[in-house]
Amino acid sequence: MRSDANIAGPMTDPVPGPRTESAGEDVSRETPPPMDDTPIGRAAQLAVEALGRAGEGLPRPEQTRVMVVANQKGGVGKTTTTVNLAASLALHGARVLVIDLDPQGNASTALGIDHHAEVPSIYDVLVESKPLSEVVQPVTDVEGLFCAPATIDLAGAEIELVSLVARESRLQKAIQGYEQPLDYILIDCPPSLGLLTVNALVAGAEVLIPIQCEYYALEGLGQLLRNVDLVRGHLNPELHVSTILLTMYDGRTRLASQVADEVRSHFGGEVLRTSIPRSVRISEAPSYGQTVLTYDPGSSGSLSYLEAAREIALRGVGVQYDPQHPHIAGQNTQQEQQSMSEGRSE
Ligand SMILES: Nc1ncnc2c1ncn2[C@@H]1O[C@H](COP(=O)(O)OP(=O)(O)O)[C@@H](O)[C@H]1O
Ligand SMILES: [Mg+2]
């Protein structure tokens, strides 16, 4: 982690005035941190606490949790969520692998991983049956975080896979053959429901759907959910939507809270209580080959992803998440005792 990182981070709104409801890529303003009236000092304090809490560790899953980050809509925050959640979980002490399954390679870029055409990549794993261990690279900034990069070759894989044996389960097989111990595998899917996404849905038990708090948030989700049902029925009986994360939440617009209400009433318990605010820092970080966790650890975006990671880790072991209190107090399950920060012997 960078030692010169700006812990406080800008929390103020550089664009005063009424909020518009314009959607999309407009990331020209920072939204307040999760607690609306939080001044910068409090945010810095929270960052320190959050990162300190990382030292305490979180419960480790008993088995590797493979989470498929999917939504066939582009620009909803799949890649951003994959890399920042992965970094958060790693900072909380977990060993985490990000599999970049989008030919754009945005997750690889955001993790500072070289992915020019000659780099061994997930394409070689899927199409050439190369072992996953031969393409995985460590992420330099964050201990315990690894990435299987995507190169532009992957753009052809949707078609090349069609004629291959067991075309839907090639990623699953590669993961099963990967012997390094891992707590989490996060798979960043492309914005489509083709064979690459199907491979991810066959490989993982959990689907994580990021939903952008804008108009038409739920549009198209029916098709994703139907595909999840199909894959569960035919290829992967364990598959289920475990997690919905609201992204680019702007607490000052009525639209955002309406969308959030709608998503919560539609999905209920799967929706994380933590939502991710719209944050300039989040959108800036990838151009430095970093996650927001190292780019600006005290920013609202960084804190939210740390908190979302905590919630996901606790849910995974059936511990109720309480946003007000550190989870350790009063909990005494077996998994709690074997926390992620204890380290491993390998
Ligand atoms: N919370 C956020 N605040 C501001 N910008 C965001 C946020 N999440 C994502 N973005 C930006 O929105 C764009 C789309 O996000 P991305 O994660 O690439 O979506 P997807 O992978 O679903 O296509 C990117 O430019 C990204 O930097
Ligand atoms: Mg993406």
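**Close-up 1. Strand S5 and its parallel partners in the predicted model.** Strand S2, which covers residues 96–100, pairs with S5 in the parallel sense over five bridges, and within this pairing Val-98 has Leu-186 of S5 as its bridge partner. In this predicted model, S5 also pairs with strand S1, residues 65–69, again in the parallel sense and over five bridges. On that side of the pairing, the bridge partner of Val-69 is Asp-188 in S5.

**Close-up 2. The two faces of strand S5.** Strand S5 runs over residues 184–188 and is mostly covered, with five of its five residues buried. One side of the strand carries Tyr-184, Leu-186 and Asp-188, while the other carries Ile-185 and Ile-187, and all of these are buried, which leaves both faces of S5 covered. Leu-186, the bridge partner of Val-98, and Asp-188, the bridge partner of Val-69, thus both belong to the side that also holds Tyr-184.

**Close-up 3. Helix H7 and what covers it.** Nine of the nine residues of H7 are buried, so this helix is largely enclosed by the rest of the structure. The buried residues include Leu-195, Leu-196, Thr-197 and Val-198 in the earlier part of the helix, and Leu-201, Val-202 and Ala-203 in the later part; Asn-199 and Ala-200 are buried as well. Among the elements that cover them are the strands S1 and S5, together with helix H4 (122–128), helix H5 (157–162), helix H6 (170–176) and H8.

**Close-up 4. Helix H8, with a buried and an exposed side.** Helix H8 is formed by the 14 residues 221–234, and from its first C-alpha to its last it reaches 20 Å, close to the 20 Å expected at 1.5 Å a residue. Leu-221, Leu-224, Val-228 and Val-231 are buried in this helix. Seen down the axis of H8, the buried residues fall within an arc of 85 degrees, so they line one face of the helix. An α-helix has 3.6 residues a turn, so residues three or four places apart point the same way. The buried residues of H8 pack against helix H7 (195–203), strand S6 (206–212) and strand S7 (240–247), whereas the face turned away from them carries the exposed residues Gly-222, Gln-223, Arg-226, Gly-233 and His-234.

**Close-up 5. The surroundings of Arg-232.** Arg-232 lies in helix H8 and counts as partly exposed because it has 18 C-beta neighbours inside 10 Å. Leaving aside residues up to four places away in sequence, Arg-232 touches Pro-237 and Leu-239. Val-202, which is one of the buried residues of H7, is 30 residues from Arg-232 in sequence, and the two are 8.1 Å apart in space from C-alpha to C-alpha.

**Close-up 6. The chain ends, set against the whole chain.** The chain contains 13 helices and seven strands, and buried residues make up 47% of its 346 residues. Of the contacts with a separation of 6 or more, 79% are accounted for by residues 24 or more positions apart. The mean pLDDT of the chain is 82, and 77% of its residues reach 70 or more. Over residues 1–45, however, the pLDDT is below 50, and this stretch has 74 contacts in the model beyond near neighbours in sequence. Over residues 341–346 the pLDDT likewise stays under 50, and here the model has seven contacts beyond four places in sequence.

Technical notes. Residues are numbered from 1 along each chain as its sequence is written. Chains are lettered from A and ligands numbered from 1 in the order in which they are written. This is a predicted model: local features need pLDDT of at least 70, side-chain atom pairs count only at pLDDT 80 or more; totals for chains, interfaces and linings use all residues. Helices (H or I, at least four residues) and strands (E, at least two) are DSSP runs, numbered from the N terminus. A residue is buried if 20 or more other C-beta atoms lie within 10 Å of its own, exposed if 12 or fewer, and partly exposed in between; C-beta atoms are placed from the backbone. Two residues are in contact if their C-beta atoms, placed from the backbone, lie within 7 Å. Two strands pair if DSSP finds at least two bridges between them. The expected span of a helix is 1.5 Å times one less than its number of residues. The arc is that of the directions from the helix axis to the C-beta atoms. pLDDT is the predictor's confidence in each residue, from 0 to 100.
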